[in-house]
Amino acid sequence: MPINSSNALTLARQLLAYTVEAANFRDMMDVIYVAQMIEKFISFTAQIHDLGDLVVEMASNMMLVDERILWLAQQKSAACSRIVQSVEHIAVLTLASDSQAITK
């Protein structure tokens with residue numbers, strides 16, 4: 001499903017609900033999928049301010065995944081690095097703009 005400005009927030013909320021169970025992820029593909037989706041959301045964080053909060057929460061949830069699964073996802077597609085880079089991008093947007101991408 002393509003992500004656009006009209007459905008990004010809804011999809012991000014659904015993905016956040018999915019990542020709440022991140023501690024139970026048993027497949028590296030779950031981590032890779034979340035990393036890909038987070039990267040897609042990043043292009044909308046400047047115009048949809050609540051999206052930054054959701055992405056940071058998702059990234060936080062992903063830290064609960066078993067280390068072995070995270071390691072496998074990192075080896076396969078640099079998923080962990082991509083999640084961190086996405087959060088860094090949100091921080092840069094927040095610091096560089098008058099309207100913050102993160103509201104908390």
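**Figure 1. Glutamate 39 in a salt bridge of the predicted model.** Glutamate 39 counts as partly exposed, because its relative accessibility is 33%. Its partner is arginine 82. The closest N and O atoms of the two residues are 3.0 Å apart. How many salt bridges does a search of the whole structure find? The search finds one.

**Figure 2. The two ends of the salt bridge, glutamate 39 and arginine 82.** Glutamate 39 belongs to helix α2. Arginine 82 sits in helix α5, which covers residues 79–96. The pair therefore ties together parts that are 43 residues apart in sequence. Is arginine 82 buried or exposed? Arginine 82 counts as buried, because its relative accessibility is 14% and the limit for buried is under 20%. Glutamate 39, at 33%, counts as partly exposed.

**Figure 3. Tyrosine 18 and phenylalanine 25, a tilted aromatic pair.** A search of the whole structure finds two aromatic pairs. One of them joins tyrosine 18 and phenylalanine 25. The ring centres are 5.1 Å apart. The planes meet at 35°. Why is this pair called tilted? An angle of 35° is neither under 30 degrees, which would be stacked, nor over 60, which would be edge-to-face, so the pair counts as tilted. Phenylalanine 25 is buried, with a relative accessibility of 4%. Tyrosine 18 is partly exposed, with a relative accessible area of 33%.

**Figure 4. Tyrosine 18 and tyrosine 33, an edge-to-face pair.** Here the ring centres lie 6.4 Å apart. The angle between the planes is 85°. Which helices hold the two residues? Tyrosine 18 is in helix α1, residues 8–19. Tyrosine 33 is in helix α2, residues 28–42. The two tyrosines are 15 residues apart, and their pair links distant parts of the chain. Tyrosine 33 counts as partly exposed, at 39% relative accessibility.

**Figure 5. One aromatic cluster.** Three residues make up this cluster: Tyr18, Phe25 and Tyr33. Tyrosine 18 pairs with phenylalanine 25. Tyrosine 18 also pairs with tyrosine 33.

**Figure 6. Valine 56 in helix α3.** Helix α3 runs over residues 50–62 and includes valine 56. Is this valine buried, exposed or partly exposed? Valine 56 counts as partly exposed, because its relative accessibility is 31%. Leucine 93 is 37 residues away from valine 56 along the chain. The C-alpha atoms of valine 56 and leucine 93 are separated by 13 Å.

Definitions and conventions: Residues are numbered from 1 along each chain as its sequence is written. This is a predicted model: local features need pLDDT of at least 70, side-chain atom pairs count only at pLDDT 80 or more; totals for chains, interfaces and linings use all residues. Side-chain values use heavy atoms; hydrogens and water are left out. Helices (H or I, at least four residues) and strands (E, at least two) are DSSP runs, numbered from the N terminus. Buried means under 20% relative accessible area, exposed over 50%, partly exposed in between (1.4 Å probe, protein chains only). Rings of Phe, Tyr and Trp (its six-membered ring) pair if their centres lie within 6.5 Å; planes under 30 degrees apart count as stacked, over 60 as edge-to-face and the rest as tilted. A salt bridge is a side-chain nitrogen of Lys or Arg within 4 Å of a carboxyl oxygen of Asp or Glu.
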